[in-house]
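Me: I should like to learn how to read the features of a structural model, taking one feature at a time. May we begin once the model is in view?

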Amino acid sequence: MEVVDDASEWVFRAEGNANVVLAYVGDDTRFRGRVLRLRKRSKAALKVTNDPEQLVSFWKDLVGSLIGEAYLSDPTVAKVSLSFLSDLSTRITRERHGDNDVLDYSQTSAVLLRDATTVAGADRKSGTTPYPCISFEMKPKWGCLPSEKAVVQSAKRYTCRYCMHRRYKEAVKRKYSECEAVSMICPNLNMTCGSTANGNGGAVCRKAVDGDSPDGSTAALSNGNDQPKLAYCPLDLFSGVPGRVRSAVQALYQKEGNKMKVYLDSAKVPQPQIGETMEQSWIKFGGDPSNSCGENRVLLEVLSAICYRDPILKRLKALQRQFDPFDIEGIHPKYQRLAEIEDLNMPDLEGWKRAIRAEKQYASENGDEDLKNGENWLDDGTERAEDGDDLLLIYRFLFATMLKDCSLIVTITCASENEQMGRICGIYPQSDGKGIFVLPADPSVASSALWNDTSMIGSIVLSYRIFVVDTDPKPIRKIPDYYRLDQEIVR
């Protein structure tokens with residue numbers, strides 16, 4: 001286990017309700033390109049898993065085995081001392097907001113993670129790389145509608161949860177009446193969400209995207225400045241239809257609830273500077289600066305194509321559906337029955353394994369390839385969570401809830417020298433969460449080169465990596481809160 005002991009080599013990166021994240025800026029090669037996650041002394045931190053070793057095992061043994069280990073940020077555990085925490089707290093006070101003394105001084109270990117906003121070999125001390133490294137962080141949210149058999153509230157059968165929740169929050173903010181709050185229409189649709197099955201068997205919003213052709217291809221995205229803002233619908237992003245995926249990425253870029261964050265060489269870009277940052281990055285990648293069609297649009301095209309081609313969204317959608325067959329409407333009564341007879345605590349690692357093993361076994365028996373991607377999955381048992389095993393069903397629901405709230409970080413930079421070769425324009429996935437794409441320098445034809453068959457030889461070769469983050473287990477005590485919110489949204 002590595003020992004982290006020099007606070008001067010770590011700088012504040014970000015923080016949430018329960019954790020503070022630090023980035024390494026020293027010379028030790030063990031920590032270059034890594035971030036350190038420390039627990040805060042807060043009520044939120046007390047409600048989640050506190051043991052770093054348990055958390056790392058949860059990620060590697062369970063999350064990674066289902067979504068694919070390549071999407072994890074290589075988590076490990078490191079030792080920290082009281083003197084390190086005290087010195088660090090003093091150093092980061094001026095860089096963060098909130099209480100000055102925020103770290104939990106009782107912790108003796110912390111989690112080390114790969115910095116998902118950089119690439120191997122980047123010089124983090126100087127903050128520069130040979131070419132820019134630009135990253136996009138986004139929360140996809142819920143990828144499918146609940147099963148019609150699982151819900152009582154009819155609105156949930158034809159309207160996606162995210163769109164209803166957004167309209168509810170807008171209504172509350174503007175002090176609308178409850179009647180106005182629950183308008184069961186996705187704001188970016190020309191019709192209510194239609195509960196029609198797609199090719200993968202899931203219910204999706206049927207939407208006619210302006211510019212879509214019958215085969216699903218679309219005209220180029222706008223640069224975000226010359227069209228009305230779109231409302232993000234996660235069913236678009238998860239749809240597997242090019243035009244809808246691109247529409248979703250465009251909506252996220254247009255500051256939809258701050259659902260997309262942009263980083264340049266690991267530094268977060270302020271919202272007003274994102275467009276300019278994307279344009280300058282494209283030029284530094286070798287793009288033609290003389291064309292005035294909006295260079296930031298090219299990187300949005302690239303991001304859309306990655307989301308469409310990589311299997312992670314399809315995998316998340318399948319897992320969300322598989323692990324949440326009952327919806328909160330079906331899980332809450334089970335929770336209430338158990339809470340009356342016993343204290344319900346967060347499951348330990350073995351509890352999680354029991355619940356998830358049942359679904360893995362079910363996938364194996366029923367030929368669900370989306371859930372069988374782990375080579376050495378928990379094959380030491382064969383039990384299944386039947387309808388009567390309420391506790392395991394609750395664990396499954398919590399796992400699905402975590403998957404519905406995770407984030408993706410897509411990092412793009414120039415490809416390594418051995419990939420710099422003459423290639424036909426297009427995107428070339430290499431493995432889970434990794435690949436290269438080839439583009440012409442002229443942004444006016446980049447869209448065609450990415451989405452349509454072409455024999456054009458590209459002059460710009462970029463690589464991408466995708467990481468899945470924010471995958472901490474959800475607290476079991478939150479189930480009543482989930483139910484109350486759900487009822488408020490659909491009431």
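Me: Which strands form the open sheet of seven strands, and in what order?

Reply: Strands of a sheet pair through backbone hydrogen bonds, either parallel or antiparallel. Here the order is β11-β10-β7-β12-β15-β14-β13, with antiparallel pairing. β11 (267–268) and β13 (426–431) stand at the edges with a single partner strand each, so one side of each has no neighbour in the sheet. Helix α9 (residues 274–284) packs on this sheet and touches β7 (134–138), β10 (260–264), β14 (434–439) and β15; the direction of α9 makes about 140 degrees with that of β7. Within the sheet, β12 (residues 407–414) and β15 (residues 460–469) are joined in the antiparallel sense over eight bridges, and V468 in β15 is the bridge partner of L408.

Me: On what conventions do these statements rest?

Reply: The model is predicted: local features need pLDDT of at least 70, side-chain atom pairs count only at pLDDT 80 or more, and totals for chains, interfaces and linings use all residues. Residues are numbered from 1 along each chain as its sequence is written, and side-chain values use heavy atoms, with hydrogens and water left out. Helices (H or I, at least four residues) and strands (E, at least two) are DSSP runs numbered from the N terminus. Two strands pair if DSSP finds at least two bridges between them. Contact means heavy atoms within 4.5 Å. Axes are lines fitted to C-alpha atoms, for helices over the stretch in contact, and angles run from 0 to 180 degrees between N-to-C directions.

Me: How many strands form the sheet with mixed pairing, and which stand at its edges?

Reply: Six strands form this open sheet, in the order β1-β5-β6-β4-β3-β2. β1 (2–3) and β2 (10–15) are at the edges, each with a single partner strand, so one side of each lacks a neighbour in the sheet. β1 pairs with β5 (residues 76–79) in the parallel sense over two bridges, and E2 stands opposite A78 in β5. Helix α2 (residues 52–67) lies across β4, β5 and β6, at about 30 degrees to β6. Helix α3 (residues 82–92) touches β2, β3 and β4, and its direction makes about 100 degrees with that of β4.

Me: Is strand β4 buried or exposed?

Reply: In a regular strand the side chains alternate between the two faces of the sheet. Buried means under 20% relative accessible area, exposed over 50%, and partly exposed in between (1.4 Å probe, protein chains only). Six of the six residues of β4 (residues 34–39) are buried, so β4 is largely enclosed by the rest of the structure. R34, L36 and L38 lie on one side, with V35, R37 and R39 on the other. Five bridges join β4 to the antiparallel strand β3 (residues 19–24), where V21 stands opposite R37. Four bridges, also antiparallel, link β4 with β6 (residues 109–114), and V35 has L113 as its bridge partner there.

Me: At what angle do helices α5 and α16 cross?

Reply: The axes of α5 (residues 161–173) and α16 (residues 479–490) come within 9 Å and cross at roughly 75 degrees. The two helices are therefore roughly perpendicular (65 to 115 degrees) to each other. R161, M164, H165 and Y168 in α5 meet L485, D486, E488, I489 and V490 in α16.

Methods
Angles under 35 degrees count as roughly parallel, over 145 as roughly antiparallel, 65 to 115 as roughly perpendicular and the rest as oblique.
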